[in-house]
Amino acid sequence: MHVEPFPQRDAKAFDSASDAIDTVNKLKARAAEDASWNSESTFDAEKEKTAFRSYENACDRVKNFYREQHEKQTVEFNLKVRSEFKKTKRARMGVWEAIELLNTLVDESDPDTELSQIQHLLQTAEAMRRDGKPEWMQVVGLVHDLGKLLFFFGSQGQWAVVGDTFPVGCKFSDKIIYADTTFAANPDSQDAVYSTDCGIYTPGCGLDNVMISWGHDEYLYLVLRDQCTLPEEGLAMIRYHSFYPWHREGAYEHLMNEKDKASLAAVRAFNPYDLYSKSDAPPDVATLRPYYEELIARYFPAELDW
Ligand SMILES: O[C@H]1[C@H](O)[C@@H](O)[C@H](O)[C@@H](O)[C@H]1O
Ligand SMILES: [Fe+2]
Ligand SMILES: [Fe+2]
């Protein structure tokens, strides 16, 4: 698949001779980073694939979670929760403080880890650091699940915060886990428009124009897009990391546009670190904290609006 780079290079950059060397050096550094964020992880993907996400054998906690999430993530709910999101001020705090606050949450949708959220975030970031991924990507690894804070900000339950995501307003793909048994209870599955392939969308409209089930991905993306200096690729990793039916199973291709191809490459580069690091040894939080606090300071203000 051909992937267009994100349009970050400035066409006028070579105009002045004095700036040219500087520009070339920056482009060289950027090209080296491009290659490293997108290079394959050192996890053995084939082997790991069978070790994680075994939903058929998952415990009742996970199965019940998805029964509820698939029943309640409707178009109506998604419109309501987005409009409330815009109207409310939730909290103001720094990134490390957010990491510590999140740590008390136990994710009911996850069949693969019993570790705390801090440890999952550090495992993800550390696996990236081990593979020589750029600092911005390590930071994405460190913060990618902070959207789960939503649970403490008046959410209706974990079903509105965690778990895999999927578009609402069009047909639920059979590539979504448990799709064959859970969506009958969702009123949208009986709706004349929402139950068609494109539903309220048009072919190739682009994921920016698709409403994806509300949860920690979209929430964190909305929080961070104007409050950090992470590149577009990093924001795409955050926004779509739970969209497994798309990034792992290849569903919903008919809604994608050119930009989404670059997002897909980014999310696929990110995913092994999120998933396969779950069996790594639990990291030592106190030892790692100074390294990550320094990185955080480079990409975020001291405090953010959450
Ligand atoms: O159970 C997990 C967990 O909630 C993750 O944070 C999310 O990104 C995954 O998609 C989900 O399957
Ligand atoms: Fe997540
Ligand atoms: Fe995660």
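UniProt positions are given here in the numbering of this model, and such annotations may be inferred rather than shown by experiment. The views below come from a predicted model, so please read each one in that light.

**View 1. Residues under the UniProt "binding site" annotation.** In an unreviewed UniProt entry, the annotation "binding site" covers Arg-53, Asp-107, Glu-108, Ser-109, Lys-148, Gly-163, Asp-164, His-241 and Ser-242. The next three views take up residues from this list, including Glu-108, Asp-164 and Arg-53.

**View 2. Glu-108 in the loop between H5 and H6.** Helix H5 (95-102) and helix H6 (117-130) flank the loop that holds Glu-108. Glu-108 has 19 other C-beta atoms within 10 Å, and because a residue needs 20 or more to be buried, Glu-108 counts as partly exposed. If we set aside neighbours within four places in sequence, the contacts of Glu-108 are Arg-61, Phe-65, Gln-158 and Val-162.

**View 3. Asp-164 in the loop between H7 and H8.** Here the loop runs between helix H7 (135-143) and helix H8 (179-182), and Asp-164 sits in it. Asp-164 is buried, because 23 C-beta neighbours lie inside 10 Å. Beyond residues up to four places away in sequence, Asp-164 touches Ile-176, Ile-177, Ser-242, Tyr-244 and Pro-245. One of these partners, Ser-242, is also covered by the "binding site" annotation.

**View 4. Positive phi at Arg-53 and Tyr-178.** Most residues other than glycine have a negative phi. Arg-53, however, has a phi near 55 degrees, and Tyr-178 has a positive phi of about 60 degrees. Arg-53 belongs to the loop between helix H2 (45-51) and helix H3 (60-72), whereas Tyr-178 is in the loop between H7 and H8. Arg-53 is partly exposed, with 16 other C-beta atoms within 10 Å. Tyr-178 is partly exposed too, with 18 other C-beta atoms within 10 Å.

**View 5. Pro-167 and its contact with Tyr-252.** Pro-167 is found in the loop between H7 and H8. With 27 other C-beta atoms within 10 Å, Pro-167 is buried. Pro-167 and Tyr-252 are 85 residues apart along the chain, yet their C-alpha atoms are separated by 8.5 Å. Leaving out neighbours within four places in sequence, Pro-167 is in contact with Val-210, Met-211 and Ile-212 as well as Tyr-252.

**View 6. The packing of H6 and H7.** Two packed helices are described by the angle between their axes and the distance between the axes. For H6 and H7, the angle is about 160 degrees and the axes are 7 Å apart. Because angles over 145 degrees count as roughly antiparallel, H6 is roughly antiparallel to H7. Their crossing is right-handed. H6 brings Leu-121, Thr-124, Ala-125, Met-128 and Arg-129 to the contact, and H7 brings Met-137, Gln-138, Gly-141 and Leu-142. Sorted by class, the residues in this contact are five nonpolar, three polar and one charged.

**View 7. Helix H10, enclosed by the rest of the structure.** Helix H10 spans residues 232-240, and seven of its nine residues are buried, so H10 is largely enclosed by the rest of the structure. Those buried residues are Glu-233, Gly-234, Ala-236, Met-237, Ile-238, Arg-239 and Tyr-240. They pack against helix H1 (17-38), H7, helix H9 (216-224), helix H11 (244-247) and helix H12 (258-276).

Methods
Residues numbered from 1 in each chain as written. Chains lettered and ligands numbered in written order. Predicted model: local features only at pLDDT ≥ 70, side-chain atom pairs only at ≥ 80, totals over all residues. Helix = DSSP H or I, 4+ residues; strand = E, 2+ residues; numbered from the N terminus. Buried ≥ 20, exposed ≤ 12 C-beta atoms within 10 Å, placed from the backbone. Contact = placed C-beta atoms within 7 Å. Axes fitted to C-alpha atoms, helices over the stretch in contact; angles between N-to-C directions. Parallel < 35°, antiparallel > 145°, perpendicular 65-115°, else oblique. Left-handed = near helix turned anticlockwise from the far one by under 90°. Nonpolar A, V, L, I, M, F, W, Y, C, P; charged D, E, K, R; others polar.
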